[in-house]
Amino acid sequence: MNSDLKDPKGRKWIGFRFAISGLGTIVKAEKNLKIHCAASIVVLLTGLYLSVSLVEWAILFLTMALVISFEVMNSVIERVMDFIHPSFHPEVKVIKDAAAGAVLVTAVFAVLIAIVIFIPKL
Ligand SMILES: Nc1ncnc2c1ncn2[C@@H]1O[C@H](COP(=O)(O)OP(=O)(O)OP(=O)(O)O)[C@@H](O)[C@H]1O
């Protein structure tokens, strides 16, 4: 076991460090996640440029968190399925397609939210 885990002073940071490391690994490996992160940067810059309100910022932050989190979970599900069942199976297809569908739902609504917030300010 990692000796850091026994360090009572560092304990509260351990989960945080592992979480950042996990995110880094997934972002490096997944093209779609890089695209969502790039889109989030564009949204942040657009929000600054168009001076969106505090409530609009809150909605944009929530939306970006939702899309990125769903994409991370989609990648995790893909990896779990590849690990436990590397060969083709119709149920794996259903699971992976449904996980991808969940990301699609968040992405479509994120675009709608961006349109509703940004278009009237242009
Ligand atoms: N073991 C499998 N059994 C059945 N279908 C599979 C299997 N692996 C992948 N697929 C099909 O291929 C699609 C893409 O799966 P893959 O794991 O390659 O993800 P990906 O190419 O990273 O896709 P995404 O763009 O959603 O991240 C799945 O949605 C599913 O339809």
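**Exercise 1.** Work on this predicted model. Set aside neighbours within four places in sequence, and find which residues Ala110 is in contact with.

*Solution.* Step 1: apply the cut-off, C-beta atoms within 7 Å. Step 2: drop the neighbours within four places in sequence; Ala110 is then in contact with Thr63 and Val67.

**Exercise 2.** List the residues of the largest nonpolar core, and say which helix gives the most to it.

*Solution.* Step 1: list the members. This core has 9 residues: Val43, Leu60, Met64, Val67, Ile68, Phe70, Val103, Ala110 and Ile117. Step 2: look at the helices. At least two core residues come from H3 (54-84), and at least two from H4. Step 3: pick the main contributor. That is H3, with 5 residues.

**Exercise 3.** Take the spans that UniProt annotates as "transmembrane region" and describe the chain in each.

*Solution.* Step 1: find the spans. The unreviewed UniProt entry gives residues 33-51 and 98-119. Step 2: take residues 33-51. Here the chain is 89% helix and 0% strand, with end C-alpha atoms 26 Å apart. Step 3: take residues 98-119. This span is 95% helix and 0% strand, and its end C-alpha atoms lie 31 Å apart.

**Exercise 4.** Describe the shell around the ligand by residue, class and helix.

*Solution.* Step 1: name the residues. Around the ligand are Asn32, Glu78, Phe88, His89, Val92, Lys93, Lys96, Asp97 and Ala100. Step 2: sort them by class. The shell has 4 charged, 3 nonpolar and 2 polar residues. Step 3: find the helix that gives the most. Helix H4 (residues 90-118) does, with 5 residues.

Key:
Residues are numbered from 1 along each chain as its sequence is written. This is a predicted model: local features need pLDDT of at least 70, side-chain atom pairs count only at pLDDT 80 or more; totals for chains, interfaces and linings use all residues. A residue is near a molecule or strand if its C-beta atom, placed from the backbone, lies within 6 Å of it. Helices (H or I, at least four residues) and strands (E, at least two) are DSSP runs, numbered from the N terminus. Ala, Val, Leu, Ile, Met, Phe, Trp, Tyr, Cys and Pro count as nonpolar, Asp, Glu, Lys and Arg as charged, and the others, Gly among them, as polar. UniProt positions are given in the numbering used here, feature names are shortened, and annotations may be inferred rather than shown by experiment. A nonpolar core is a set of buried Ala, Val, Leu, Ile, Met, Phe, Trp, Tyr and Cys residues joined through C-beta atoms within 7 Å. A residue is buried if 20 or more other C-beta atoms lie within 10 Å of its own, exposed if 12 or fewer, and partly exposed in between; C-beta atoms are placed from the backbone. Two residues are in contact if their C-beta atoms, placed from the backbone, lie within 7 Å.
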